[in-house]
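Trainee: Could we go through this structure step by step, beginning with how its helices pack and then turning to its sheet?

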Amino acid sequence: MKKILHRRSVRTVACAVLVGASLAACSSTDSGGDSSLLEQLQEEGAVTVGFAGEAPYSFEQNGQLTGATVALHREIFGNLGIETVEGVNADFGALIPGLQANRFDVVSAGMSILPERCEQASFSDPEFNYTTALMVPTGNPMNLTDMQSVAGSGARLATMTGAIESDYAESLNIESMQVATPQDGMDAVTSGRADVFALTGISLNWMKNNNPDAPVDVTESFVAVIDGVPQVGAGGTVFRTDDQELLDAYNTELEKITSDPEKYLSIVGEFGFTEEELPDPELTTEDLCAGNI
């Protein structure tokens with residue numbers, strides 16, 4: 001196993017490589033200095049991202065970090081002079097706390113831009129629009145179609161800790177089994193411990209397509225409706241609130257990609273993303289953080 005260490009001019013970093021050259025468990029502490037995080041990363045040539053193993057956004061495959069958000073990051077950070085993207089795996093609900101604790105530089109997870117999260121960290125412009133779907137046993141025996149049908153059926157629901165679907169369940173007074181990873185959610189359904197697992201449609205379809213023998217189906221994707229309001233979802237990369245220069249530089253490069261559908265799909269298309277996931281230019285992070293959507 002090859003161990004890779006990077007020189008840190010103003011940060012003290014301890015890294016233990018987990019798998020391959022692109023996955024590292026790192027903790028970092030700011031030791032002072034006048035340079036910004038952007039300048040530090042450019043000097044070091046590497047950025048460390050936190051990810052939660054949710055395919056096809058960001059996950060480990062054959063010992064390497066991959067996924068749609070990772071592909072975006074390799075393109076964007078590469079354009080900023082930061083050639084290497086390394087990863088730290090964490091439970092989804094631990095990503096923002098890990099970012100705040102300097103375990104990584106940004107969060108790469110296609111995380112929903114929500115007001116309560118915006119109070120803790122800063123989000124990039126939207127990178128993906130997405131909808132929710134349900135993973136159910138083959139044949140969908142309870143005929144589940146959306147969150148309201150789950151609420152009305154008494155089905156045992158599994159949701160991922162920290163994911164937006166957990167918030168939907170809470171808003172609809174649905175008791176949900178919390179799981180740490182998408183695989184745990186699928187396992188809950190296949191083992192009979194849960195009747196349904198709610199997550200983004202693109203994630204559930206990726207899991208089904210890559211586990212063709214699993215006795216599950218995935219429903220049609222839908223826009224969740226809470227208190228009569230459609231929950232239009234969008235995800236982005238997460239930054240610490242004091243890393244504004246890095247965020248601004250990132251958004252400048254991101255806009256060049258999301259404004260060009262052909263370029264966007266050339267980066268994320270191999271992970272199952274289509275123009276339906278291309279963010280609506282009128283759907284802004286400012287509005288999402290304010291809860292105006």
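Trainee: At what angle do H1 and H9 pack, and how is their arrangement described?

Mentor: Bear in mind throughout that this is a predicted model. The axes of H1 and H9 lie 7 Å apart and make an angle of about 70°. Since angles of 65 to 115 degrees fall in one class, H1 is therefore to be called, relative to H9, roughly perpendicular.

Trainee: Which residues of H9 meet H1, and how does that contact divide by residue character?

Mentor: From the side of H1, Leu37, Leu38 and Leu41 take part, and they meet Glu245, Leu246 and Ala249 of H9. Sorted by character, the residues of this contact are five nonpolar, no polar and one charged. The residues of H9 asked for are thus Glu245, Leu246 and Ala249.

Trainee: Against which elements do the buried residues of H9 pack?

Mentor: H9 covers residues 244–258, and its 15 residues reach 20 Å from first to last C-alpha, close to the expected 21 Å. Its buried residues include Leu246, Ala249, Tyr250, Leu254 and Ile257. The elements against which the buried residues of H9 pack are helices H1, H2 and H10 together with strands S7, S8 and S17.

Trainee: Turning to the open sheet of five strands, which strands stand at its edges, and why is one side of each left without a neighbour?

Mentor: The strand order is S12-S11-S13-S10-S14, and the pairing is mixed. The two edge strands each have a single partner strand, so one side of each lacks a neighbour in the sheet, and these strands are S12 and S14.

Trainee: In which sense do S10 and S13 pair, and what is the bridge partner of Leu134?

Mentor: Strand S10, residues 132–137, and strand S13, residues 196–200, are joined by four bridges in the antiparallel sense. Within S13, the residue that partners Leu134 is Ala198.

Trainee: Which helix lies across S11, and at what angle does that helix run to S11?

Mentor: The helix formed by residues 164–171 lies across S10, S11, S12 and S13, and this helix is H6. Its direction relative to S11 is about 135°.

Trainee: Are the residues on the two faces of S11 buried or exposed, and which residue stands opposite Leu157?

Mentor: Leu157 and Thr159 lie on one side of S11 and Ala158 and Met160 on the other, and all four are buried, both faces being covered. S11 also pairs with S12 in the parallel sense over four bridges. In S12, the residue opposite Leu157 is Ser176.

Definitions and conventions: Residues are numbered from 1 along each chain as its sequence is written. This is a predicted model: local features need pLDDT of at least 70, side-chain atom pairs count only at pLDDT 80 or more; totals for chains, interfaces and linings use all residues. Side-chain values use heavy atoms; hydrogens and water are left out. The expected span of a helix is 1.5 Å times one less than its number of residues. Buried means under 20% relative accessible area, exposed over 50%, partly exposed in between (1.4 Å probe, protein chains only). Contact means heavy atoms within 4.5 Å. Two strands pair if DSSP finds at least two bridges between them. Axes are lines fitted to C-alpha atoms, for helices over the stretch in contact, and angles run from 0 to 180 degrees between N-to-C directions. Angles under 35 degrees count as roughly parallel, over 145 as roughly antiparallel, 65 to 115 as roughly perpendicular and the rest as oblique. Ala, Val, Leu, Ile, Met, Phe, Trp, Tyr, Cys and Pro count as nonpolar, Asp, Glu, Lys and Arg as charged, and the others, Gly among them, as polar.
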